[in-house]
Amino acid sequence: MQYHSLYTKEQNSMTFQVGLVGNDGLVLASDKLFQDCEGGAKSPRKARKFESGSHVTCCYSGDIMAMYAAQLIAALDWTSISRDTNSIKRSLLDCGKRAYQQREREIGMIPPYAIRKVIVAAHNSTLWLLHVSEQSAVEPCEDRVIAGDTQNTARQYVNRFAVNCESRPVLGLVRLAAFAVLMAGYENCEGVEGLDVVMIRGELPYTFTKEQIQALKDSSEKLCRDIEISLSMEVVYPTGE
């Protein structure tokens with residue numbers, strides 16, 4: 001099976017996700033648009049991109065293979081896995097390998113150059129990023145992580161305003177994470193749409209309700225209007241008179 005480069009480009013511009021580490025927990029924010037291009041045809045749909053287990057919560061970007069990896073991670077018995085870095089890395093890498101092998105059995109040739117990532121939030125307040133491929137890789141994230149649309153400039157909001165986020169309460173990071181996802185949707189409305197937010201404080205993840213999501217959308221709209229007004233103010237220069 002042959003894959004046109006257009007499909008890979010479209011797949012890599014799908015989704016926008018943010019993970020932030022606070023001093024008392026984690027927050028994950030994701031859009032809800034999912035598109036599988038592996039079959040050679042676009043099939044966009046709305047989907048929740050979170051998978052939760054007893055000790056981890058994941059959100060995935062990419063195609064079905066990334067979803068498989070997130071499901072495998074959530075299903076792990078984390079009580080039997082040591083909390084040291086090497087043990088966690090080995091477990092996540094194994095899930096990436098198994099997801100690749102499963103999808104390869106289903107469709108044969110895997111589309112090249114597609115970017116598939118899983119943000120893994122452990123309920124002990126550590127954050128990880130799994131790159132899913134034939135040679136999967138994993139990295140710890142000390143303060144923040146962004147996944148999804150590789151060219152979306154909404155990344156600047158996270159990179160600018162999440163500095164030293166690990167020293168701030170997680171409740172003070174929710175609006176930033178949500179705002180970045182929503183702004184990514186303004187820039188790329190065909191690849192990023194909707195909003196889901198999960199916050200982890202202690203051992204249990206909390207999923208924001210529809211009403212809370214709407215409140216975050218409303219506050220983001222107000223912030224955009226305020227910024228527009230501020231940027232539209234005329235500059236006063238001295239005339240020398």
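# Exercises on side-chain contacts

Asp 196 and Arg 48 are joined by a salt bridge, in which the closest N and O atoms are 3.3 Å apart. The structure is a predicted model, and the exercises below examine this contact and several others.

**Exercise 1.** Determine which parts of the chain the pair Asp 196 and Arg 48 links, and state whether Asp 196 is buried or exposed.

*Solution.*
- Step 1. Locate the residues: Asp 196 belongs to strand β11, while Arg 48 sits in the loop between β4 and β5 (50-52).
- Step 2. Consider the separation along the chain: the two residues are 148 residues apart, and the pair links distant parts of the chain.
- Step 3. Apply the distance cut-off: a salt bridge requires the side-chain nitrogen to be within 4 Å of the carboxyl oxygen, and the value for Asp 196 and Arg 48 is 3.3 Å.
- Step 4. Classify Asp 196: its relative accessible area is 8%, so Asp 196 is buried.
- Step 5. Classify the partner: Arg 48 has a relative accessible area of 35% and is therefore partly exposed.

**Exercise 2.** Describe the salt bridge between Glu 193 and Lys 46, and find where each residue lies.

*Solution.*
- Step 1. Read the distance: the side chains of Glu 193 and Lys 46 meet at 3.3 Å, N to O.
- Step 2. Place the residues: Glu 193 is in the loop between α5 (174-187) and β11 (196-201), and Lys 46 is in strand β4 (residues 44-46).
- Step 3. Note the separation: these residues are 147 residues apart, and their pair also joins distant parts of the chain.
- Step 4. Assess Glu 193: a relative accessible area of 36% makes this residue partly exposed.

**Exercise 3.** Identify the helix that holds both Asp 94 and Arg 98, and classify the accessibility of Asp 94 and of Arg 98.

*Solution.*
- Step 1. Establish the contact: Asp 94 and Arg 98 form a salt bridge whose closest N and O atoms are 3.5 Å apart.
- Step 2. Find the element: both residues lie in helix α3 (residues 85-107).
- Step 3. Examine the spacing: Asp 94 and Arg 98 are four residues apart, about one turn of the helix.
- Step 4. Compare with the limits: partly exposed lies between 20% and 50%. Asp 94, at 36%, is partly exposed, and Arg 98, at 35%, is partly exposed.
- Step 5. Place the three bridges in context: a search of the whole structure finds nine salt bridges.

**Exercise 4.** State how many aromatic pairs the structure contains, and describe the geometry of each.

*Solution.*
- Step 1. Count the pairs: the search of the whole structure gives two.
- Step 2. Describe one pair: the rings of Tyr 157 and Phe 179 are 5.1 Å apart, centre to centre, with 80° between the planes, an edge-to-face arrangement.
- Step 3. Locate this pair: Tyr 157 is in helix α4 (residues 155-161) and Phe 179 in helix α5, 22 residues apart.
- Step 4. Classify its members: Tyr 157 is partly exposed at 23% relative accessible area, whereas Phe 179 is buried at 7%.
- Step 5. Describe the other pair: Tyr 206 and Phe 208 are likewise edge-to-face, with 5.6 Å between centres and 65° between the planes.
- Step 6. Classify these members: Tyr 206 counts as partly exposed at 34% relative accessibility, and Phe 208 counts as buried at 13%.

**Exercise 5.** Name the residues that make the nonpolar surface patch of about 290 Å².

*Solution.*
- Step 1. List the residues: Leu 223, Ile 227 and Leu 231 make the patch.
- Step 2. Locate Ile 227: this residue lies in helix α6 (residues 210-232).
- Step 3. Classify Ile 227: its relative accessible area of 36% makes it partly exposed.

Note on methods
Residues numbered from 1 in each chain as written. Predicted model: local features only at pLDDT ≥ 70, side-chain atom pairs only at ≥ 80, totals over all residues. Heavy atoms only, no water. Buried < 20%, exposed > 50% of the residue type's maximum accessible area, 1.4 Å probe, protein only. Phe/Tyr/Trp six-rings, centres within 6.5 Å; stacked < 30°, edge-to-face > 60°. Patch = residues over 30% accessible without salt bridge, like charges linked within 9 Å, V, L, I, M, F, W, Y side chains within 5 Å. Areas by Shrake-Rupley, 256 points an atom, 1.4 Å probe, with all protein chains shown as cover.
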